[in-house]
Amino acid sequence: MSEPKKLFVKTYGCQMNVYDSERMAEALGAKGYVPTDRADDADMILLNTCHIREKAAEKVYSELGRFKPLREANPDLKIGVAGCVAQAEGAEIMRRQPMVDLVVGPQTYHRLPEMMERVEAGEAALDTDFPEEDKFAHLPKARKAPRGPTAFLTVQEGCDKFCAFCVVPYTRGAEVSRPVERLLREAQDLVARGVREITLLGQNVNAYHGEGPNGREWGLARLIWELAEVDGLDRIRFTTSHPNDMDDDLIAAHGTCEKLMPYLHLPVQAGSDRILKAMNRKHTADDYIRLIERIRAARPDLLLSGDFIVGFPGEGEADFQATLDLVETVGYGQAYSFKYSARPGTPAAERDPVPTEGADQRLQRLQELLSRQQRAAQDAMVGREVSVLFEKPGRLAGQTVGKSEYLHAVHVTGPETLRGQIAKVRIVASEANSLAGELI
Ligand code: SAH
Ligand code: SF4
Ligand code: F3S
């Protein structure tokens with residue numbers, strides 16, 4: 001029997017890429033590839049890439065450059081590029097970096113096994129179609145290997161919103177929701193493998209409108225309630241949501257569904273109505289603030305997370321101040337902020353950018369405010385009782401780490417057998433990036 005071939009996958013970008021990497025590895029498993037976590041030991045290297053900002057895309061090329069010595073040492077080494085850069089740049093990747101053997105987009109990776117056959121025969125393989133068929137229907141169904149207690153599950157993919165700055169509608173394609181029955185089966189499968197918390201993924205996850213078992217369309221809230229019936233699944237999260245798709249049922253579920261965790265990532269991007277309009281977000285700052293009030297009325301202890309862009313074309317000092325004001329009004333427990341990056345092919349890329357220096361300064365001011373809020377939210381946990389799903393050993397000997405329902409990292413002194421368990425913990429201290437707790 002021949003030796004199994006080794007596959008090294010490196011993942012960039014969002015959680016959906018993490019999920020896709022897992023599925024790609026499974027697809028290649030059918031071709032005899034087993035995962036390795038060392039590039040220098042691999043027969044096949046696959047980069048699963050992100051195109052969201054310029055820096056993310058450029059990383060791919062510098063990473064490919066680093067693989068050159070590996071290829072020189074092993075001419076049989078195969079190199080592939082998957083994900084959103086693959087979709088956006090296609091054959092250009094092979095022109096810029098001729099040692100790339102394979103380029104596959106996010107909607108065609110179910111075709112990886114046949115593409116690998118061509119690559120192993122010494123040909124190049126490129127597929128960045130948006131096919132008619134549903135890739136998930138063609139991927140290996142039985143996902144058997146045991147795994148950690150948390151998992152991602154893609155329920156919706158793609159985006160029809162076309163925010164003026166964003167490449168996602170072009171790299172992921174149109175919005176598609178997966179049917180409820182398939183998702184239930186995949187969730188049950190994950191639970192059978194030790195998973196207790198599932199994060200439902202979608203670029204616009206709350207726009208979910210999948211076919212229900214009765215042939216009718218179900219929204220995200222209904223899907224969550226159905227998943228909450230799965231025995232052994234204790235926690236449900238979802239990300240990323242768009243403010244305009246937060247419907248009444250989903251807001252209500254935050255107050256009434258015990259398995260739905262009190263954490264919500266709801267990006268607003270900016271606080272100025274003029275900029276929101278230029279971004280094509282289709283809501284005002286006030287719409288967002290009122291929405292948050294309604295969600296908090298349903299779930300007062302909800303920890304809110306957001307995304308922000310500074311330096312969007314046309315952003316003046318007053319517009320930026322409106323973003324700071326919105327952040328002050330809303331109060332975030334977690335946040336991600338970015339300097340605007342012009343992306344080829346998007347409408348905003350045609351507009352005059354804010355000078356770099358000004359944008360850098362704004363980013364710094366916004367991040368100071370957001371980190372103050374984040375710190376306050378974390379410190380406010382001290383003295384409280386939370387429930388923690390333990391995932392892995394901690395930094396120090398004898399420690400085990402997990403996540404609270406608010407997604408804070410919490411470490412306790414406790415046995416390794418805590419892994420995969422949910423336990424009550426009293427928070428005793430707030431440290432740099434995590435909370436210290438004691439088992440109750
Ligand atoms: N679907 C999600 C976001 C996907 S991208 C949503 O609608 O909110 C994740 C984040 O990256 C975005 O929320 C935005 O803050 C940031 N982002 C997207 N395009 C960007 C760009 N061109 N420059 C800077 N940040 C960007
Ligand atoms: Fe991008 Fe906007 Fe779609 Fe989010 S909603 S993926 S930011 S276009
Ligand atoms: Fe990046 Fe594509 Fe996700 S551009 S953020 S990997 S959808």
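**Reading ligand shells, a barrel and salt bridges**

Mentor: Let us start with ligand 3, where the residues of the surrounding shell divide into four nonpolar, four polar and one charged. Please keep in mind throughout that this is a predicted model.

Trainee: Which residues surround ligand 3?

Mentor: The shell consists of C14, N17, T49, C50, H51, I52, C84, R172 and Q203. Around ligand 2 the residues are C159, K161, F162, C163, F165, C166, V168, P169, N204, H242 and R281, and these divide into seven nonpolar, two polar and two charged.

Trainee: How should I read the sheet that contains β17, and which strands does its order run through?

Mentor: In general, the strands of a sheet pair through backbone hydrogen bonds, and the pairing may be parallel or antiparallel. Here five strands form a closed barrel in the order β17-β18-β19-β21-β20, and the pairing is mixed. Neighbouring strands of this sheet are turned against each other by 50 degrees on average, with direction ignored. Strand β17, residues 385–393, and strand β20, residues 422–430, are paired in the antiparallel sense over five bridges, and L389 stands opposite I422 in β20.

Trainee: How many salt bridges does a search of the whole structure find?

Mentor: Side chains of opposite charge can pair when their charged atoms come close. The search of the whole structure finds 35 salt bridges. In one of them the side chains of E22 and R147 meet, at 2.5 Å from N to O. That pair links distant parts of the chain, 125 residues apart, with E22 in helix α1 (residues 15–29) and R147 in the loop between α7 (135–138) and β7 (150–154).

Trainee: Are R23 and E186 buried or exposed?

Mentor: Both R23 and E186 are buried. These two residues form a salt bridge whose closest N and O atoms are 3.2 Å apart, and the pair links helix α1, which holds R23, to helix α9 (residues 180–192), which holds E186, across 163 residues.

Trainee: Why does R111 count as buried while its partner E133 is called partly exposed?

Mentor: R111 counts as buried because its relative accessibility is 16%, and buried means under 20%. E133, with a relative accessible area of 30%, is therefore partly exposed, as this class lies between 20% and 50%. The closest N and O atoms of their salt bridge are 3.0 Å apart.

Trainee: Which residues are linked in a network of salt bridges?

Mentor: The network links D20, K135, E157 and R172, and R172 also appears in the shell around ligand 3.

Technical notes. Residues numbered from 1 in each chain as written. Chains lettered and ligands numbered in written order. Predicted model: local features only at pLDDT ≥ 70, side-chain atom pairs only at ≥ 80, totals over all residues. Heavy atoms only, no water. Pairing = 2+ DSSP bridges. Helix = DSSP H or I, 4+ residues; strand = E, 2+ residues; numbered from the N terminus. Axes fitted to C-alpha atoms, helices over the stretch in contact; angles between N-to-C directions. Near = heavy atom within 4 Å. Nonpolar A, V, L, I, M, F, W, Y, C, P; charged D, E, K, R; others polar. Salt bridge = Lys/Arg side-chain N within 4 Å of Asp/Glu carboxyl O. Buried < 20%, exposed > 50% of the residue type's maximum accessible area, 1.4 Å probe, protein only.
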